[in-house]
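Thanks for making the time this morning. I would like to take you through one model, and I will put the sequence and the structure up before I say anything about them.

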Amino acid sequence: MSRRLLPLIAVLAGAVLLSLMAGARWLDPLTVGQALWAPSPTDVDALLVRTTRLSRTLVALAVGAALGVAGGIMQTLTRNPLASPGLLGINAGALFAVVVLVTLGGALPGWLANVGAFAGAALASLLVGWIAMRRPGESSPLRLILAGAALTALFQAFSQALLVIDQQGLDAVLFWLAGSVSGRPLADVWPLMLLALAALLACGPCLRPWNVLAAGEAVAIGAGVAVRRLQLVSIVLVVALAGSAVTMAGNIAFVGLIVPHVARRVSTPDHRHWLPVAALLGAILLLLADVAARTLILPGEVPIGVMTALVGAPVFMALLRRQGAAHG
């Protein structure tokens, strides 16, 4: 397994270095190394790396890995290859919470926006899970999808209504709408990074049961898997992973949908193999998307959510076409 991951780890290391180098002012690897390990208090380049580029690199790394794994869990949980963390209403719940806080209190300090966004994401997700799992049975994945779609539409409608009433709040939530890993000080996001890391590590004991659940609830029950408990744990892990990612970076499209597909193609169907690959691929994708976002229209910057959508939308349509051909 380690030999499968080594090439991806090497690519990830290169993506991290590229992220620290790239921007309106390009830096060479030696300058980046000196900025990280032997910074001078008067060195402008060291200040740029340590105060700006390091934080956005770590945020992109954490968000990409979290979304890649969260998407994989959702596709296993629903047994739907087109599922993503957004099906739990995470994005819509986080946005609604931020809109409410902005409408009530105007500009928000970073920590309060983070707490509100994560609380909204968690509340929406757990509500969807509660509705979907009220009764056991084979239809629970379908109920999960339908409940998520309904509550997502409801939260989006409430958010739009509040923004129409208080249009000044629109500027404050543009970050959440477009998605970005910039302007996120490490002092504000390190608790979310630790939560995402803890959730990634907590996936370990679930890898084997997820292999069985992927074959269907009846098979999992026959194999002795506590399906309801596994479903609940899976939802909590998705909430922790995708909720922390959305809170840190806003609405990042398609990463949780596309990355698991690629991970399964380059690995094996065993969750112990392809979920770690999904974490690495998600981190690599978001790091490279952020590099492209900040260098394509210098001195301006494209929201990273736009970049992932530009890559993800064609791939998503290809997946739909392939799935339709397979069922045709």
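I will talk about one long stretch of helix, then a single threonine, and then a patch on the surface. Please keep in mind throughout that this is a predicted model.

Let me begin with helix H3, which runs over residues 44-78 and so has 35 residues by the DSSP assignment. From its first C-alpha to its last, H3 reaches 50 Å, which is close to the 51 Å expected at 1.5 Å a residue, although the helix does bend by about 40 degrees at Arg53. At the N-terminal end, H3 is capped by Asp43, which places a side-chain oxygen 3.0 Å from the backbone nitrogen of Asp45. After the helix comes Arg79, where phi is positive, near 50 degrees. As for its surroundings, H3 is mostly covered, with 26 of its 35 residues buried.

Next, helix H11, residues 227-249, where I want to pick out Thr247. Is this residue, Thr247, buried or exposed? Thr247 counts as buried because its relative accessible area is 0%, and the cut-off is under 20%. Its side chain reaches the backbone nitrogen of Phe118, at 3.4 Å.

Finally, the surface. Trp190, Leu194, Leu197 and Leu201 together make a nonpolar patch of about 450 Å². Of these, Leu197 is found in helix H8, which covers residues 186-202, and Leu197 is classed as partly exposed because its relative accessible area is 46%, which falls between the 20% and 50% limits. On the spacing within such a patch, an α-helix has 3.6 residues a turn, so residues three or four places apart point the same way.

Methods
Residues numbered from 1 in each chain as written. Predicted model: local features only at pLDDT ≥ 70, side-chain atom pairs only at ≥ 80, totals over all residues. Heavy atoms only, no water. Helix = DSSP H or I, 4+ residues; strand = E, 2+ residues; numbered from the N terminus. Buried < 20%, exposed > 50% of the residue type's maximum accessible area, 1.4 Å probe, protein only. Polar contact = N/O pair within 3.5 Å; in protein donor to acceptor, adjacent residues only side chain to side chain. Expected span 1.5 Å × (residues − 1). Bend = angle between axes of the 7 residues up to and from the residue. Patch = residues over 30% accessible without salt bridge, like charges linked within 9 Å, V, L, I, M, F, W, Y side chains within 5 Å. Areas by Shrake-Rupley, 256 points an atom, 1.4 Å probe, with all protein chains shown as cover. Salt bridge = Lys/Arg side-chain N within 4 Å of Asp/Glu carboxyl O.
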